[in-house]
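Trainee: I would like a close look at one part of this protein. Please keep to what can be read from the structure.

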Amino acid sequence: MPEEKKSFKVTIDNITVEVEPGTSILQAARKIGGDVVPPAMCYYSKLKGSGGKCRTCLVRVAAGSTADPRPMPKLVASCRTNVMDGMVVESMTNNTVLEARKAVVEFLLINHPLDCPVCDQAGECDLQDLSYDHGREATRYEFKRRTFERHNLGPFIQLHMTRCILCFRCVFAADQLTNRRLHGILDRGDQSEIATYIEKSLDNDFIGNVIDVCPVGALTDRTFRFKNRVWFTKPVDAHRNCSKCCGKVRLWMRGDEVLRVTTKKDQWGEVEDLPSGQPGFICNECRFEKKKVSDWIIEGPTKVNRHSVISAGHYVGVKKPHEPLPEVMGRKPKLLLDIHSVSGINQPEVDLAELPGPATNETFNGNPNAYGNNVTDEKMGASQNKEGTDTTNANRQ
């Protein structure tokens, strides 16, 4: 007879679940789901070695195991602590844990600029969600924030180190998905930063995945920057036959235009697994070069969490009312109105996805190929705003 698999029983916030030995507390909580799951900014289950950096997933172990029911003396990182049989864990039910998470969020926001109105990550930012759930109403920090110059890491990726929280996800992704990593952590202490050596560009076929794993707006897609707000776009699942990757992606569309291509993500914000069990990371060709609907086989609208701002105006699974017009006419009617050709908003000659920069008034007034500069790229003393913008001068009031 086959050997019976051993399992551990762990209780998290008074909910008991059975898991395999070697499972972390965070993974056990994700098996339960809901508010029991601790937040995580640095842990990424598809990247080996991730976790243990941000400390946002702290929990209290009230009982270590059935054999040793003593509580652990300090709060522990749930992503790095494995469960034991009979372990009792407190997450949302413990006030000490909630206060600790508030302190961690306050620490992460010490140097992170509050430039959400101009950040491309707004609306899908893990730190933004974390600050709403566990943040304080005001900061107690009175010193100058650290600032860094922006770097273009090749033609497709821009690095905003001022926004970085040093979660190391992009470093792990480059290590494990590419055969040559050109960026990493430089310097130590409060001078630590993600950077390349002598401004090298990141040009590996899979390096675009560092954008998807970044939980904040530190690494952004240069082909999408300032083209549109994520809640104005419609996410659609699609796939294509690709010789380099799985070809399973999520298209972010505005009308008939594909403004951005990303990996498919699960409910934890991580790339979805393929049927083979491997993570579905995509290549640079699918991400940056295939920006036409004809390049893809559309599967249907993405199911978006109703609590997300991206779900605004997106209706999936809605039952349409009965349409009597074909029955009255005896045939299927032709297109009555091509709204794209008459709309004052979606001008057919303007293709935002093809513009290398943000659109301007000139783009919609006779010059469809015109584009401007990103105002947040203006550096201190190099423009009319001598003090720079919030992202170049984080101490500007």
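Which residue in E5 does Ile12 stand opposite?

Mentor: Ile12 stands opposite Val89 in E5. Keep in mind that this is a predicted model. The pair belongs to the contact between two strands: E1, which covers residues 8-12, and E5, which covers residues 87-90. These two strands run parallel and are joined by three bridges.

E1 has another partner, E2, made of residues 15-19. Here the direction is antiparallel, and five bridges join the two strands. One residue pair to look for is Thr11, which stands opposite Thr16 in E2. E1 and E2 form a hairpin with two residues between the strands. Asp13 in this hairpin takes a positive phi near 50°.

Next, consider how covered E1 is. Four of its five residues are buried, so the strand is mostly covered, buried being under 20% relative accessible area. For the whole chain of 397 residues, 46% count as buried.

A helix residue shows how the same cut-off is applied. His134 is found in helix H3, which spans residues 126-134. Its relative accessibility is 10%, and because buried means under 20%, His134 counts as buried. What does His134 touch, once its neighbours within four places in sequence are left aside? Its contacts are Pro39, Met92, Leu98, Arg101, Lys102 and Val105.

Contacts can also be viewed over the whole chain. Among those between residues at least 6 apart in sequence, 60% join residues at least 24 apart. The chain exposes about 22500 Å², and carbon and sulfur atoms supply 50% of that area.

E1, E2 and E5 are part of a longer list, since the chain has 14 strands along with eight helices. For another example of pairing, look at the open sheet formed by three strands in the order E6-E7-E10, with antiparallel pairing. Its edge strands are E6 (151-152) and E10 (219-221), each of which pairs on one side only. E7, residues 157-159, pairs with E10 in the antiparallel sense over three bridges. Within that pairing, Leu159 has Leu219 in E10 as its bridge partner.

To return to your part of the structure: E1 is joined to E2 by five bridges in the antiparallel direction, and to E5 by three bridges in the parallel direction.

Definitions and conventions:
Residues numbered from 1 in each chain as written. Predicted model: local features only at pLDDT ≥ 70, side-chain atom pairs only at ≥ 80, totals over all residues. Heavy atoms only, no water. Pairing = 2+ DSSP bridges. Buried < 20%, exposed > 50% of the residue type's maximum accessible area, 1.4 Å probe, protein only. Contact = heavy atoms within 4.5 Å. Areas by Shrake-Rupley, 256 points an atom, 1.4 Å probe, with all protein chains shown as cover.
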